[in-house]
Amino acid sequence: MDKNFQDEEFARVVKFTPPLYKQRYQFVKDLVEKYKPKKVADLGCADCRLLRMLKFCSCIEVLAGLDICASVMKEKMHTLSPLPLDYLQPSERSLTVTLYHGSVAHKDPCMLGFDLVTCIELIEHLEESELKKFPEVVFGFMAPSIVVISTPNSEFNPLLPGVMLLRHPDHKFEWNQAQFQGWALEAATCYDYSVEFTGVGHPPAGMENIGFCTQIGVFMRKYPQNDESAQSEKPTEAVYKTVFKAVYPSLKDEKYLQNAVVNEVIFTAEIIRHRLLPKQEEEEEEEDLERKSKFQPTVDTFSDCLGKVVVDKTREPFVSGSEVYIPLATIFSFPKVNRLCGTFEKLCQLIAGKVTLSGDGSAVVFSTEHENEEN
């Protein structure tokens, strides 16, 4: 069979499932789940797809994106904003997402201190002068613990439909395996990194020698960065422009923590009160069930927990006249309240002035008069 015809047939059948860009992003996500970096920067973030995926990784507290094209970032930056659910159910971790407009050929102090830096399909877009400065900026100045660089493997191009020379009109070059590995090893040696090569997008059976469609280098810094040397190199002025910043609601913020604790205390006390008082109308009970979200414990969970914690008679809830008293010590014994507050003193501090308490401040108080009127 004619070789040109063979190549043409391969070009028609080589498809990637899932799509290649998703495989690249999944590779980064797997790396994040393995090494648990707290601060991650994506250079050449473009439409922010990778950042949108990474914001759900619970270990990450700082996410930053950098791109030379501000308009592309601005078009999709709203997808990095907190959702209403994030305010209703704040996370226990803090998360800040920031997008910067600038070039990877320039140094800016905002890019210092990151654990992981990703450069996914970036370097092939750089001009020769930018590519020459790139290693010094990323490995020398930023000096993160891990750097991930992916780039097209030109040896795979004959198998791709419609690719004549380069895969994208903005690509300045595309390297074969030897070229990429030579460049990567030189940079790694110069800045005290080790590098391992892998990729995504497997070639057809029998053509393994051409390598992955996307080649990837994973660089690991050999020694801890010298803080003094890093500080001495820090530019005195910022060169990147901030185009977007979002600070997600977090239980580390006292405001959100207080709101979460007050809601949980009231919810817990309500459940205990309903167990204590005579059974109410079925409609009211259904309304209570609708109030509960999937993030809150079920009534059965409360029942089990209540049976375990209300053993000390001094901590039992009780009715006095038209008022129901739910001891704070009992409420604090419930796992979610305990986890949120940490200490009984913190519980008292957070609900002060937000929940109706007994005269000595030891119990949450509910009035039964309104209920009796309804019944």
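1. A friendly place to start is the contact pattern: of the contacts in the protein with a separation of 6 or more, 76% are between residues 24 or more positions apart. Please keep in mind that this is a predicted model.

2. For the overall make-up, the protein has 375 residues, and 45% of them count as buried. Its secondary structure comprises 15 helices and eleven strands.

3. You will probably want to look at the largest pocket, which holds about 940 Å³ of space. Its lining is made up of 38 residues, and those closest to the pocket centre are I120, E121, E124, H125 and H171. Two or more lining residues come from each of α2 (20-35), β1 (39-43), α3 (49-54) and β2 (62-67). Helix α2 gives the largest share, with four residues.

4. What is the chemical character of that lining, counted as nonpolar, polar and charged residues? In the largest pocket, 19 lining residues are nonpolar, twelve are charged and seven are polar.

5. Next, a residue worth opening in your viewer: T118, which sits in strand β4 (residues 116-120). Is T118 buried or exposed? The relative accessible area of T118 is 0%, and buried means under 20%, so T118 is buried.

6. The surroundings of T118 can be listed by name. Setting aside neighbours within four places in sequence, T118 touches V28, A41, D42, L43, L50 and V148. As for V40, it is 78 residues away from T118 along the chain, yet the C-alpha atoms of the two are separated by 7.8 Å.

7. Now for a sheet. Strands β9, β10 and β11 make an open sheet, arranged in the order β9-β10-β11 with antiparallel pairing. The edge positions belong to β9 (318-320) and β11 (363-367); each has a single partner strand, so one side of each has no neighbour in the sheet. From one strand to the next, the twist averages 30°.

8. Within this sheet, how many bridges join β10 to β11? Strand β10 (residues 323-327) is joined to β11 by five bridges, and the two strands run antiparallel. To pick out one pair, P327 has A363 in β11 as its bridge partner. As general background, strands of a sheet pair through backbone hydrogen bonds, in either a parallel or an antiparallel way.

9. Finally, a helix goes with this sheet: α9 (residues 254-276) lies across β9, β10 and β11. The direction of α9 is at about 60° to β11.

Note on methods:
Residues are numbered from 1 along each chain as its sequence is written. This is a predicted model: local features need pLDDT of at least 70, side-chain atom pairs count only at pLDDT 80 or more; totals for chains, interfaces and linings use all residues. Side-chain values use heavy atoms; hydrogens and water are left out. On a 1 Å grid over the protein atoms alone, a cavity is a set of points where a 1.4 Å probe fits but cannot get out, and a pocket is an open set with protein on both sides within 12 Å along at least five of seven lines; lining residues have an atom within 4 Å of a point. Grid points are joined across faces, edges and corners, and a volume is the space filled by probe spheres set on the points. Ala, Val, Leu, Ile, Met, Phe, Trp, Tyr, Cys and Pro count as nonpolar, Asp, Glu, Lys and Arg as charged, and the others, Gly among them, as polar. Two strands pair if DSSP finds at least two bridges between them. Axes are lines fitted to C-alpha atoms, for helices over the stretch in contact, and angles run from 0 to 180 degrees between N-to-C directions. Contact means heavy atoms within 4.5 Å. Buried means under 20% relative accessible area, exposed over 50%, partly exposed in between (1.4 Å probe, protein chains only).
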